[in-house]
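These are my notebook entries on a single protein chain. I set down what I looked up, entry by entry.

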Amino acid sequence: MNMTITSRTILILFLSFTIVHAQKGDDSILSNSNQKNNLQLEFLGKGFYYSVGYERKFEISEKVNFGANIGLCLFPGMTSLEPSYEILVPFELNTSIKKLQNEFIIGAGTTFWKYQVNYIPITNNNLNQQPLTPELISETEWFAHISFEYRLHAKSKPLFYKLGYIPLFFDFTPNSKFSNSLNYQTSFTIGIGWSF
């Protein structure tokens, strides 16, 4: 999968949404922070590389919302045998507090991660058969995250901009730097969203 084509497609979609929505005029646009749905393009963060996500908000009070979101990331794999790809699907539940155009969010969730690695099956039966032919095998894992985000909503426009700190927590993985039972990695995120 070509990463350049994927990035361009995502950018074109967001620009199209912005242009179409802007042509409706200010009278038909509600305050962005009151909308119940949004689409987000996020770099780094819970999608590891990037993610395109959908979020649904449920109003608890005038200033407090509960949210649930799901995302998707497709990324070229790091394998040398043949082209491969990685799939990441982040899930999150969050609570947000709104004040004018500002929104502060605290959330937690998990990300499903499927990728392929180069593997050489070595057993007692094939120790004398050198060189062994490597093969690609699929691996899957889940990692957890906590989100601390700030969103700035544009006045009378459906756009919002986001910035966040997202700690990632990985389980023990053999033959890697994740050698503890719980492994922490810091991550930040920056993104743009469109509410509807």
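**Entry 1. Asn-65.** I looked up whether Asn-65 is buried or exposed. Its relative accessibility is 3%, under the 20% limit, so I record Asn-65 as buried. The model is a predicted one, and I read every value below as computed from it. Asn-65 lies in strand S3. I then checked its distance to Lys-98: the two C-alpha atoms are separated by 8.2 Å, while the residues are 33 apart along the chain.

**Entry 2. Tyr-50.** I made the same check for Tyr-50, which lies in strand S2. The relative accessible area of Tyr-50 is 6%, so this residue also counts as buried. I noted a long step in sequence here: Tyr-50 and Ile-190 are 140 residues apart along the chain, and their C-alpha atoms are separated by 9.5 Å.

**Entry 3. Chain layout.** I listed the elements and found one helix and ten strands. The helix comes first from the N terminus, and the strands follow it. The chain has 196 residues, of which 37% count as buried.

**Entry 4. Salt bridges.** How many salt bridges does the structure hold? I found eight. I went through three of them in turn.

The pair I took up first is Lys-162 with Glu-42, whose closest N and O atoms are 2.7 Å apart. This pair links distant parts of the chain, since Lys-162 is in strand S7 (residues 159-165) and Glu-42 in strand S1, 120 residues apart. I recorded both Lys-162 and Glu-42 as buried.

I next took Glu-149 with Lys-46, where the closest N and O atoms are 3.9 Å apart. Glu-149 lies in strand S6 (residues 135-153) and Lys-46 in the loop between S1 and S2, so this salt bridge ties together parts that are 103 residues apart in sequence. Glu-149 and Lys-46 are both buried.

Glu-149 has a further partner, Arg-151, and I noted an N to O distance of 3.1 Å for that salt bridge. Arg-151 is buried, as is Glu-149. Following the shared partners, I arrived at one network that joins Glu-42, Lys-46, Glu-55, Glu-92, Glu-149, Arg-151 and Lys-162.

**Entry 5. Cavities.** Rolling a probe the size of a water molecule over the atoms shows where empty space is left. I found three cavities of 30 Å³ or more in this structure. The largest has a volume of about 70 Å³.

Which residues line the largest cavity? I listed Gln-40, Glu-42, Lys-46, Ser-51, Val-52, Gly-53, Tyr-54, Asn-69, Ile-70, Gly-71, Pro-90 and Lys-162. Among them are Glu-42 and Lys-162, the salt-bridged pair of the previous entry. Lys-46 is in the lining too, and Lys-46 belongs to the network noted there.

I then sorted the lining by element. Strands S1 (37-44), S2 (50-59) and S3 (64-76) each supply at least two of its residues. S2 gives the largest share, with four residues. By character I counted four nonpolar, five polar and three charged residues in this lining.

**Entry 6. Surface patch.** I looked for nonpolar residues grouped on the surface. Tyr-54, Ile-70, Phe-91, Trp-142 and Phe-196 form such a patch, with about 460 Å² of accessible area together. Tyr-54 and Ile-70 also appear in the lining of the largest cavity. Phe-91 is placed in strand S4 (residues 85-99). The relative accessibility of Phe-91 is 32%, between the limits of 20% and 50%, so I entered Phe-91 as partly exposed.

**Entry 7. Positive phi.** Most residues other than glycine have a negative phi. I therefore looked up where this chain departs from that rule, and noted two residues.

Leu-100 is not a glycine, yet its phi is positive, about 55°. Leu-100 lies in the loop between S4 and strand S5 (102-119). With a relative accessible area of 76%, Leu-100 is exposed.

Ser-156 likewise has a positive phi, near 50°. I located Ser-156 in the loop between S6 and S7. Is Ser-156 buried, exposed or partly exposed? Its relative accessible area is 37%, so I entered Ser-156 as partly exposed.

Technical notes. Residues are numbered from 1 along each chain as its sequence is written. This is a predicted model: local features need pLDDT of at least 70, side-chain atom pairs count only at pLDDT 80 or more; totals for chains, interfaces and linings use all residues. Side-chain values use heavy atoms; hydrogens and water are left out. On a 1 Å grid over the protein atoms alone, a cavity is a set of points where a 1.4 Å probe fits but cannot get out, and a pocket is an open set with protein on both sides within 12 Å along at least five of seven lines; lining residues have an atom within 4 Å of a point. Grid points are joined across faces, edges and corners, and a volume is the space filled by probe spheres set on the points. Ala, Val, Leu, Ile, Met, Phe, Trp, Tyr, Cys and Pro count as nonpolar, Asp, Glu, Lys and Arg as charged, and the others, Gly among them, as polar. Buried means under 20% relative accessible area, exposed over 50%, partly exposed in between (1.4 Å probe, protein chains only). Patches are made of residues with over 30% relative accessible area and no salt bridge: like charges are joined within 9 Å, nonpolar side chains (Val, Leu, Ile, Met, Phe, Trp, Tyr) within 5 Å. Accessible areas come from the Shrake-Rupley method with a 1.4 Å probe; for residues, only the protein chains shown count as cover. A salt bridge is a side-chain nitrogen of Lys or Arg within 4 Å of a carboxyl oxygen of Asp or Glu.
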